[in-house]
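The following exercises concern a single protein with a bound ligand. Each task is followed by a solution in steps.

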Amino acid sequence: MPPSSPADAAERRGVIHIQNLQKVYRTGFLLNQRVSTLRGCSLDIWEGETFGLLGQNGAGKTTLLKVLLGIIRPTGGDGTLLGKPLGDRTVKHRVGFLPENPYFYDYLTGWEFLEYAAGLFQLPADVQRKRIPDLLDLVGLSRASARKKQLRQYSKGMLQRVGMAQALINDPDLVFLDEPMSGLDPLGRYQIREIITSLKAQGKTIFFNSHVLSDVEQVCDRVGILAQGELICVGSLQDLLGTANVYHVKVCHANPDALKQWLPDVEFKDNCWQGHLLGMPHDFLSSLHLMDGQLLAMTLARPSLEEFFVQQLHQRGITASQ
Ligand SMILES: Nc1ncnc2c1ncn2[C@@H]1O[C@H](COP(=O)(O)OP(=O)(O)O)[C@@H](O)[C@H]1O
Ligand SMILES: [Mg+2]
């Protein structure tokens with residue numbers, strides 16, 4: 001969560017800070033064409049926060065992540081990662097990264113691949129002996145098959161899991177995940193969400209890219225929407241979707257005249273009374289109890305993140321991935 005007061009800000013440390021970040025790719029045979037991929041992005045991410053960056057394909061999400069990681073240099077603007085300028089190598093051991101399309105060494109077993117990743121961080125053998133099986137358990141891969149099976153025999157879901165274990169091999173404070181749920185079935189997505197939740201519980205800061213809104217909606221403290229290289233909005237779901245004080249209510253066995261005082265638009269539909277309640281759910285429920293009414297459903301009537309996302313893109317005249 002972002003700090004809400006200056007006192008909070010002093011206590012919570014900033015992990016990522018970027019200011020007016022820009023990236024222009026040069027393409028074409030003579031490198032004379034320019035693709036402006038990031039257009040002045042500014043953002044702060046706080047310690048322990050889970051941040052989801054949403055955007056259509058081609059919006060610039062992977063580019064932003066690579067700039068943060070120091071894999072590519074920005075064309076303009078600047079920023080810091082864990083208090084050091086972007087690209088500073090001294091923070092690498094505190095950062096984990098699951099790329100969008102990881103390259104795996106096909107003929108290594110899952111276990112050997114994790115040993116290789118651990119070697120890049122120069123983890124001592126005794127640490128590796130404990131951490132590799134722990135991570136395999138965390139991502140839901142069997143220890144025995146990780147010892148035997150080569151990565152070329154892994155399914156897409158298993159590769160995504162081993163990629164996730166690789167991203168955590170150095171026990172990072174800050175984890176970047178580029179489309180971590182892509183290509184997974186519903187159970188696989190659920191398991192990745194569970195892993196993110198458990199990392200969050202350990203106090204890690206997580207930054208992940210996704211074009212799947214429901215994944216972001218369920219695990220993130222804050223979300224940002226990137227459209228054509230611009231961060232068009234950033235905030236908690238409550239900030240973006242509005243305060244949750246309008247409810248859609250369904251009841252039965254209630255007196256419509258009494259109901260009308262609470263639900264001005266009440267109507268009989270689908271065998272029950274339905275309408276919108278503005279705030280005061282407790283008072284309404286007590287009153288419903290007194291009139292012997294029965295509550296069938298009460299749901300927040302704010303727009304979904306998906307509706308909000310589409311609305312934001314429409315307002316800017318963006319209709320399809322470009
Ligand atoms: N190395 C590159 N050279 C030229 N253009 C690139 C390069 N990488 C990405 N792009 C362009 O930048 C835009 C954003 O790409 P990307 O960051 O991968 O978006 P996303 O991850 O949101 O799908 C796209 O138009 C893409 O074609
Ligand atoms: Mg991408």
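**Exercise 1. Determine what percentage of the residues is buried, and describe the overall make-up of the protein.**

Solution. This is a predicted model. Step 1: a residue counts as buried if 20 or more other C-beta atoms lie within 10 Å of its own; of the 322 residues in the protein, 34% are buried. Step 2: the secondary structure consists of 12 helices and 14 strands. Step 3: along the principal axes, the C-alpha atoms occupy a box of roughly 70 × 50 × 45 Å. Step 4: consider the contacts between residues at least 6 apart in sequence; 70% of these join residues at least 24 apart.

**Exercise 2. Identify the residues that surround ligand 1 and the elements that supply them.**

Solution. Step 1: the shell comprises Tyr-25, Thr-27, Val-35, Thr-37, Gly-55, Asn-57, Gly-58, Ala-59, Gly-60, Lys-61, Thr-62 and Thr-63. Step 2: two or more of these residues come from each of β1 (14-27), β2 (33-46) and α2 (61-69). Step 3: α2 provides the largest share, three residues. Step 4: sorted by character, the shell has three nonpolar residues, eight polar and one charged. With Gly counted among the polar residues, the eight polar members include Gly-55, Gly-58 and Gly-60.

**Exercise 3. Establish the strand order of the four-stranded open sheet, and state which helix α2 contacts are made with it.**

Solution. Step 1: the order is β2-β1-β4-β5, with antiparallel pairing. Step 2: β2 and β5 (84-85) each pair on one side only and are therefore the edge strands, given that pairing requires at least two bridges. Step 3: β4 (residues 76-81) and β5 run antiparallel and are joined by two bridges. Thr-80 lies opposite Pro-85 in β5. Step 4: α2 packs on this sheet and touches β1, β2 and β4. The direction of α2 makes about 65° with that of β2.

**Exercise 4. Which residues of the largest nonpolar core touch the most other members, and what other core exists?**

Solution. Step 1: the largest nonpolar core has 64 residues, and Leu-114 and Ala-165 touch the most other members. Step 2: leaving aside residues up to four places away in sequence, Leu-114 touches Ile-132, Leu-135, Ala-165, Gln-166 and Ile-169. Step 3: a second, separate core contains 11 residues, among them Tyr-247, Ala-254, Val-266 and Trp-273. Step 4: as general background, nonpolar side chains tend to be buried together in soluble globular proteins.

Technical notes:
Residues numbered from 1 in each chain as written. Chains lettered and ligands numbered in written order. Predicted model: local features only at pLDDT ≥ 70, side-chain atom pairs only at ≥ 80, totals over all residues. Near = placed C-beta within 6 Å. Contact = placed C-beta atoms within 7 Å. Axes fitted to C-alpha atoms, helices over the stretch in contact; angles between N-to-C directions. Core = buried A, V, L, I, M, F, W, Y, C linked by C-beta atoms within 7 Å. Buried ≥ 20, exposed ≤ 12 C-beta atoms within 10 Å, placed from the backbone.
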